[in-house]
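Work through these exercises with the model in view. Try each task before you read its solution.

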There are 4 protein chains.
Amino acid sequence: MEPVNVRWYVEDVSSHCADIAIEGLPGVGHVGKLVADHLVNVGNAVKIAEITSTYFPPQMYLTNDAVLRFPRNEVFFVPAKDSQPSYIVLAGDCQSTSPEGHYVLAEAYVKIFELLGVKKIYTLGGYGVGHMVDKPRVLAALSSTDLKDEVVASGAVLNKEEPVGGIIGAAGLLITFGRLAKMSGAAFLGETSGYLVDPVASKAVLDVLEKLTGISVDKTSLNELAEQMLTEVSAIASSIQNKNAEDLSYIG
Amino acid sequence: MEPVNVRWYVEDVSSHCADIAIEGLPGVGHVGKLVADHLVNVGNAVKIAEITSTYFPPQMYLTNDAVLRFPRNEVFFVPAKDSQPSYIVLAGDCQSTSPEGHYVLAEAYVKIFELLGVKKIYTLGGYGVGHMVDKPRVLAALSSTDLKDEVVASGAVLNKEEPVGGIIGAAGLLITFGRLAKMSGAAFLGETSGYLVDPVASKAVLDVLEKLTGISVDKTSLNELAEQMLTEVSAIASSIQNKNAEDLSYIG
Amino acid sequence: MEPVNVRWYVEDVSSHCADIAIEGLPGVGHVGKLVADHLVNVGNAVKIAEITSTYFPPQMYLTNDAVLRFPRNEVFFVPAKDSQPSYIVLAGDCQSTSPEGHYVLAEAYVKIFELLGVKKIYTLGGYGVGHMVDKPRVLAALSSTDLKDEVVASGAVLNKEEPVGGIIGAAGLLITFGRLAKMSGAAFLGETSGYLVDPVASKAVLDVLEKLTGISVDKTSLNELAEQMLTEVSAIASSIQNKNAEDLSYIG
Amino acid sequence: MEPVNVRWYVEDVSSHCADIAIEGLPGVGHVGKLVADHLVNVGNAVKIAEITSTYFPPQMYLTNDAVLRFPRNEVFFVPAKDSQPSYIVLAGDCQSTSPEGHYVLAEAYVKIFELLGVKKIYTLGGYGVGHMVDKPRVLAALSSTDLKDEVVASGAVLNKEEPVGGIIGAAGLLITFGRLAKMSGAAFLGETSGYLVDPVASKAVLDVLEKLTGISVDKTSLNELAEQMLTEVSAIASSIQNKNAEDLSYIG
């Protein structure tokens with residue numbers, strides 16, 4: 001096995017080209033991953049390529065049939081629908097286990113995007129703020145200032161001070177390697193506590209992405225996930241409050 | 001020394017071929033290692049190959065004669081006996097010190113299996129559950145759904161939810177790399193606390209393996225190890241109970 | 001991307017040569033970085049080269065326009081002015097994420113210095129002492145004993161016992177790799193607590209560097225940083241004292 | 001810089017050959033290092049080679065003149081004297097920062113030994129037992145059982161159970177790589193607390209080495225180090241006892 005291995009699932013790459021690539025790999029709050037997985041699930045997505053790598057964790061996954069498989073990232077093609085554009089989604093299990101691997105893998109992903117004729121890359125992720133966020137902002141970072149107006153118009157926040165410390169992993173590297181390959185784009189990070197898988201932040205990120213790209217997908221299942229999370233968080237909060245009240249009950 | 005080095009101990013590989021390969025390298029509770037070592041000890045095992053690697057810990061082992069040797073994994077051939085099939089055992093000291101090494105080593109092991117004509121790979125290990133287990137289940141994960149019926153019939157449990165997080169290291173990677181080389185198989189993980197070397201879980205795994213393969217070995221020494229462990233655990237438990245009773249004795 | 005990538009920003013390297021190279025990459029208290037960045041900011045600095053590397057953290061930085069860029073180190077040419085010599089500055093974002101990378105990168109930096117005709121390398125950093133320092137000494141370490149007299153005359157302290165444990169990273173490696181390339185020089189480490197970004201230590205280091213090289217720069221902004229730090233430290237100290245006084249007030 | 005670099009300091013290697021090589025690199029209690037450094041200091045040692053490596057820490061050392069140098073290991077030739085044999089000493093600053101590097105470096109050291117005609121390798125180190133040891137035993141581990149009698153006769157202890165976990169780093173790897181190159185030898189580990197640099201354990205190891213090889217060196221300075229350590233340990237012990245007595249004085 002080479003350090004990075006790309007396996008194509010379609011013979012005819014040219015019929016699966018698209019201007020837009022969207023990345024959502026695992027990261028803070030799985031904010032980007034939830035969006036990318038959702039786009040694949042609700043779209044009429046066709047798997048066109050699979051990436052395996054010795055930079056991935058040596059941890060084999062179980063499929064629904066209890067069959068073992070390599071950890072992998074996947075590239076899907078979502079065909080155009082009504083007035084919406086077709087696009088590519090990079091989704092999957094993992095990121096690199098080493099600093100070097102992040103560079104090598106991001107460069108490999110961008111080469112795949114080049115073969116698919118991609119012009120714009122949007123990367124999705126979370127920005128951990130350490131506390132629960134009611135209405136998560138979506139922070140953006142750009143490939144170039146050209147995109148400033150449209151990104152702001154789509155509801156994202158541009159702020160040179162945030163995310164503090166820049167962007168770690170694929171969400172940042174795809175933008176910088178993409179620029180070297182003449183692709184423009186932006187990273188969108190939804191504010192999230194950092195403690196939970198956060199579909200609420202994912203919804204905020206998806207809203208921005210839809211406004212920006214003209215993509216529009218059924219969000220029922222993502223909304224359900226978000227409601228479920230809010231119910232659970234609120235149940236935990238109540239339980240803590242009740243506990244505190246009990247602890248103080250001897251005072252009364 | 002190359003990253004991975006294979007040294008053959010037999011000139012005539014073709015007379016040491018077998019359909020079945022069984023892996024039991026060190027891991028959680030040493031569940032797989034105990035089974036693999038037991039198969040080597042009680043069978044009429046012939047060492048046919050040795051693997052050393054710069055991915056192994058730089059820690060030299062002492063033999064019974066206080067002679068130093070490289071850490072190594074070994075491949076044994078256990079000849080057919082009565083109605084039982086011959087098989088190969090991969091046993092030894094260690095796994096990789098790095099994520100990359102896990103991939104490289106697993107691929108090397110599968111290449112050895114190919115040279116030995118292996119068709120089926122069974123990997124053995126433990127699944128740490130964080131508490132003592134009276135009757136350990138044996139969780140299975142497959143190379144393909146074809147093996148489902150026979151694996152379940154042999155007493156293993158198939159559950160896409162377990163092991164949570166998949167399988168780390170050789171036990172998982174040999175199945176996935178094996179499939180690329182047209183070998184089918186399954187990983188069997190015995191439930192274990194994760195805190196102790198656990199011959200009880202090993203016995204459960206060996207039971208499944210025997211039913212599945214028709215292999216049948218004398219288990220006296222493994223039973224003794226298991227009884228010894230149960231006696232020790234129960235002694236510790238009593239001692240803790242007595243201590244607690246003493247601590248409370250002032251109450252009475 | 002190669003492990004180390006050098007991109008030149010000027011066509012005519014020969015018109016940007018200088019005898020002196022000054023390094024100030026991130027490190028303890030950012031003492032060296034503050035000086036190097038200051039020299040670039042107040043001088044008429046021309047960026048002549050940029051280094052990116054897979055040894056750098058996979059963390060993309062935001063520019064003032066919220067545009068993402070690779071982490072990078074930069075080489076600047078500061079032209080001669082009045083009676084002052086021209087010089088090269090190596091400044092930037094980061095050092096290596098791995099031990100090996102430190103060696104590989106330092107060797108690459110020295111090769112750049114060679115192309116620029118550098119004869120003397122001065123590396124700048126901090127020496128963490130674990131407590132606040134009123135008047136930070138500047139410890140020096142040399143490429144050879146030839147430089148002893150001029151280094152001591154410039155106000156630095158030569159002491160074979162300090163820094164304890166030698167010098168880690170670029171500040172040390174540029175001197176040793178430089179010597180292999182026939183460049184002489186010295187590392188200057190300003191005493192610092194190690195807990196704070198420390199412009200006071202940076203000022204002390206810059207003073208030594210100026211005396212040694214004949215370079216003289218406007219220090220207004222560095223002085224302001226230093227005063228700001230002292231004000232903040234003193235505010236924190238007062239607040240702690242007041243708090244202690246309050247805590248004891250019930251005694252009175 | 002290559003991963004491992006060997007620089008020879010003598011033109012005529014053949015006049016610096018010796019049957020015996022002794023290794024004492026940094027490790028537990030610096031037991032081996034103290035012996036190797038002592039042999040170099042009291043013998044008429046000639047430096048014949050120097051090893052630098054990107055596997056070494058990126059930490060430059062200060063010489064007595066505050067001149068920076070690479071971390072390095074060194075090979076010395078100690079000429080025959082009276083009836084004593086000549087020998088080679090491998091001493092120095094460090095071991096590898098990575099598991100892989102331990103293998104690569106040990107193989108490189110053995111290649112140097114081969115060029116020098118070495119037939120026997122004795123490696124020296126400490127065995128940390130977690131408590132102060134009055135009369136440290138010297139545990140041995142062999143390249144082959146042939147050496148058993150002479151090693152035991154020299155006062156070392158052969159015990160397949162100790163050191164528990166085998167021998168990590170150069171002290172073990174030089175024996176196993178040496179055997180591949182037809183050199184025999186033994187590792188000698190002096191019992192030591194593991195908390196202190198321990199010249200007492202070093203003396204015990206040197207005693208064994210002298211009996212085994214016929215080498216005999218002036219031990220004055222090593223004895224002084226040992227006495228100094230014992231005085232300091234005993235002063236600390238008294239101070240703790242006095243402190244305890246004071247703490248209890250209110251009882252009286």
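**Exercise 1. Chains that stay apart**

How far apart do the closest C-alpha atoms of chain A and chain D lie?

*Solution.* Keep in mind that this is a predicted model. Step 1: look for a contact between chain A and chain D; none joins them. Step 2: take their closest C-alpha atoms, which lie 14 Å apart. Step 3: turn to chain B and chain C. These chains do not touch. Their nearest C-alpha atoms are 14 Å apart.

**Exercise 2. Chain A on its own**

Describe the make-up and dimensions of chain A, then judge its radius of gyration.

*Solution.* Step 1: list the secondary structure. Chain A has six helices and 12 strands. Step 2: take the extent of the C-alpha trace. Along its principal axes, chain A spans about 75 × 45 × 40 Å. Step 3: set the expected value. A compact globule of 252 residues would have a radius of gyration near 18 Å. Step 4: compare. Chain A has 19 Å, which agrees.

**Exercise 3. The nine-stranded sheet**

Which strands of the open nine-stranded sheet in chain A stand at the edges?

*Solution.* Step 1: write down the order. In chain A the strands run β1-β3-β6-β7-β2-β8-β12-β9-β10. The pairing is mixed. Step 2: find the ends. β1 (4-8) and β10 (157-158) of chain A stand at the edges. Each has a single partner strand, so one side of each is left without a neighbour in the sheet. Step 3: zoom in on one pair. In chain A, β3 (residues 46-53) and β6 (residues 73-78) are antiparallel, with five bridges. Step 4: pick out facing residues. A:Lys47 is opposite A:Phe76 in β6(A).

**Exercise 4. Where chain A meets chain B**

Describe the interface between chain A and chain B, from its extent down to its residues.

*Solution.* Step 1: count the residues in contact. Chain A brings 19 residues and chain B brings 29. Step 2: take the area. About 1900 Å² is buried between chain A and chain B. Carbon and sulfur atoms give 67% of that area. Step 3: find the leading residues in chain A. A:Pro58, A:Leu68 and A:Phe70 lose the most area to chain B. Together they make up 33% of what that side buries.

Step 4: check the polar side. There are zero salt bridges between chain A and chain B. Eight residue pairs are in polar contact, with both residues at pLDDT 80 or more. Step 5: trace the elements. On the side of chain A that touches chain B, β4 (59-62) and β5 (68-69) of chain A each supply at least two residues. β4(A) has the largest share, three residues. Step 6: sort the residues of that side of chain A. They are 11 nonpolar, six polar and two charged.

Step 7: look for strand pairing across the chains. β4(A) pairs with strand β11 (residues 167-168) of chain B in the antiparallel sense, over two bridges. A:Met60 is opposite B:Ile167 in β11(B).

**Exercise 5. Where chain B meets chain D**

How many residues does the contact take from chain B, and how many from chain D?

*Solution.* Step 1: count. The contact takes 19 residues from chain B and 29 residues from chain D. Step 2: take the area. Chain B and chain D bury about 1900 Å² between them, with 67% on carbon and sulfur atoms. Step 3: name the leading residues. B:Pro58, B:Leu68 and B:Phe70 lose the most area to chain D, together 33% of what the chain B side buries. Step 4: check salt bridges. The count between chain B and chain D is zero. Step 5: find the strand link. β4(B) is joined by two bridges to strand β11 (residues 167-168) of chain D, and the two run antiparallel. B:Met60 is opposite D:Ile167 in β11(D).

**Exercise 6. A sheet built from two chains**

What is the order of the open three-stranded sheet that includes β11(A)?

*Solution.* Step 1: read the order. It is β11(A)-β4(C)-β5(C), with antiparallel pairing. Step 2: find the edges. β11 (167-168) of chain A and β5 (68-69) of chain C each have a single partner strand, so one side of each is left without a neighbour in the sheet. Step 3: inspect the link between the chains. Two bridges join β11(A) to β4 (residues 59-62) of chain C. A:Ile168 is opposite C:Gln59 in β4(C).

Technical notes:
Residues numbered from 1 in each chain as written. Chains lettered and ligands numbered in written order. Predicted model: local features only at pLDDT ≥ 70, side-chain atom pairs only at ≥ 80, totals over all residues. Heavy atoms only, no water. Pairing = 2+ DSSP bridges. Helix = DSSP H or I, 4+ residues; strand = E, 2+ residues; numbered from the N terminus. Contact = heavy atoms within 4.5 Å. Buried area = accessible area lost by both parts, 1.4 Å probe. Salt bridge = Lys/Arg side-chain N within 4 Å of Asp/Glu carboxyl O. Polar contact = N/O pair within 3.5 Å; in protein donor to acceptor, adjacent residues only side chain to side chain. Nonpolar A, V, L, I, M, F, W, Y, C, P; charged D, E, K, R; others polar. Rg over C-alpha atoms; globule rule 2.2 N^0.38 Å.
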